[in-house]
Amino acid sequence: MELTSAEQVYHVTRICVDSYEKQVPTGWICNPYLEEAVPFHGVMQFLLRMEALLDQLNFPQSFTANRGMPDTLTTATPSHGMREGAVETFSLRILFRRNASWQGSLAWDSREEQFRSILELLLLMDRALEETCGVPVPAETGETIT
């Protein structure tokens, strides 16, 4: 069974980045299931709060978790708690949680990219934020460690 567009909107989380200084994002996590946007500062806090949201929604279910349908799932109106980021706004759709990671797609501006891991997601977000902030993007992906 295919989801209608109204049902699919609840599976997309909006990531609103208000600042991006020295590769540290600060912003908000917005989802129609949340009554209020959830703030984050830094990558680790973003990841932990996103994982908690996915566990709360029980979608997508963790690959290693026991399966089952939730007893109840309350929803807020789609516009409730949604906002725009001052620097960038991403639409994050996580389709799977396998191999201790996430797989899905990230959309911003008129672009959409697929990712196969949290690392790929973070690299996509970093590149987009650097482009938006006018920071020169290096030709190579790795840094020299000295």
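This section describes the sheet, the helices packed on it, the nonpolar core and a few individual residues of a predicted model.

The sheet makes a good starting point. Six strands form an open sheet in the order β3-β2-β1-β4-β5-β6, with antiparallel pairing. Its edges are β3 (38-41) and β6, each of which pairs on one side only. From one strand to the next, the twist averages 25°. Within this sheet, six bridges connect β1 to β4 in the antiparallel sense, and one of the partnerships places Val17 opposite Glu88 of β4. The pairing of β4 with β5 is likewise described as antiparallel and runs over five bridges; here Ser91 has Ala107 of β5 as its bridge partner. Five bridges also join β5 to β6, again with antiparallel strands. As general background, strands of a sheet pair through backbone hydrogen bonds, either parallel or antiparallel.

Two helices can be placed against these strands. Helix α2 lies across β1, β2 (24-30), β3 and β4, and runs at about 150° to β3. Helix α3 lies across β1, β4, β5 and β6, at about 155° to β6. The length of α3 offers a simple check on its geometry: with 1.5 Å a residue, its 16 residues (118-133) should span 22 Å, and the end C-alpha atoms are indeed 22 Å apart, so expectation and model agree. The buried residues of α3 are Ile118, Leu121, Leu124, Met125, Asp126, Ala128, Leu129 and Glu130, a list in which Asp126 and Glu130 appear beside the leucines. The elements that cover these buried residues include β1 (12-21), α2 (43-57), β4 (88-96), β5 and β6 (111-115). After α3 comes Gly134, with a positive phi near 80°.

Helices and sheet also come together in the nonpolar core. The largest such core has 26 residues, and those with the most contacts inside it are Ile15, Phe46, Met50, Phe90, Leu92, Trp102 and Leu106. At least two residues of this core come from each of β1, α2, β4, β5 and α3. Phe46 gives a closer view of the packing: beyond its neighbours up to four places away in sequence, Phe46 touches Ile15, Ile29, Phe40, Leu92, Leu122 and Met125. In soluble globular proteins, nonpolar side chains tend to be buried together.

Polar residues have a place in the buried parts of the model too, and two of them deserve a look. Thr13 belongs to strand β1 and counts as buried because its relative accessibility, 5%, falls under the 20% limit. Its side chain makes a polar contact of 3.0 Å with the side chain of Asn31. Leaving aside neighbours within four places in sequence, Thr13 is in contact with Ile29, Cys30, Asn31, Met50, Leu53, Phe90, Ser91 and Leu92; Met50, Phe90 and Leu92 are also among the residues with the most contacts inside the core.

The second example, Ser105, sits in strand β5 (residues 103-108). Five of the six residues of β5 are buried, so this strand is largely enclosed by the rest of the structure. Ser105 itself is buried, because its relative accessible area of 6% is under 20%. The side chains of Ser105 and Glu112 are joined by a polar contact of 3.0 Å, while the bridge partner of Ser105 in β6 is Gln114. Not counting residues up to four places away in sequence, Ser105 touches Ser91, Leu92, Arg93, Glu112, Glu113, Gln114 and Phe115.

Finally, the hairpin turns contain some backbone angles worth noting. Most residues other than glycine have a negative phi, and most peptide bonds are trans. The hairpin of β4 and β5 has six residues between the strands. In the loop between these two strands lies Asn99, which has a positive phi of about 55° although it is not a glycine. Ala100 lies in the loop between β4 and β5 as well, and its phi is positive too, near 55°. Asn99 is exposed, because its relative accessible area of 70% is over 50%. Ala100 is exposed on the basis of a relative accessible area of 85%. In the hairpin of β5 and β6, with two residues between the strands, Asp109 takes a positive phi near 45°.

Definitions and conventions
Residues are numbered from 1 along each chain as its sequence is written. Side-chain values use heavy atoms; hydrogens and water are left out. Helices (H or I, at least four residues) and strands (E, at least two) are DSSP runs, numbered from the N terminus. Buried means under 20% relative accessible area, exposed over 50%, partly exposed in between (1.4 Å probe, protein chains only). A polar contact is a pair of N or O atoms within 3.5 Å; within protein, one must be able to donate a hydrogen and the other to accept it, and residues adjacent in sequence count only if both atoms are side-chain atoms. Contact means heavy atoms within 4.5 Å. The expected span of a helix is 1.5 Å times one less than its number of residues. A nonpolar core is a set of buried Ala, Val, Leu, Ile, Met, Phe, Trp, Tyr and Cys residues joined through side-chain atoms within 4.5 Å. Two strands pair if DSSP finds at least two bridges between them. Axes are lines fitted to C-alpha atoms, for helices over the stretch in contact, and angles run from 0 to 180 degrees between N-to-C directions.
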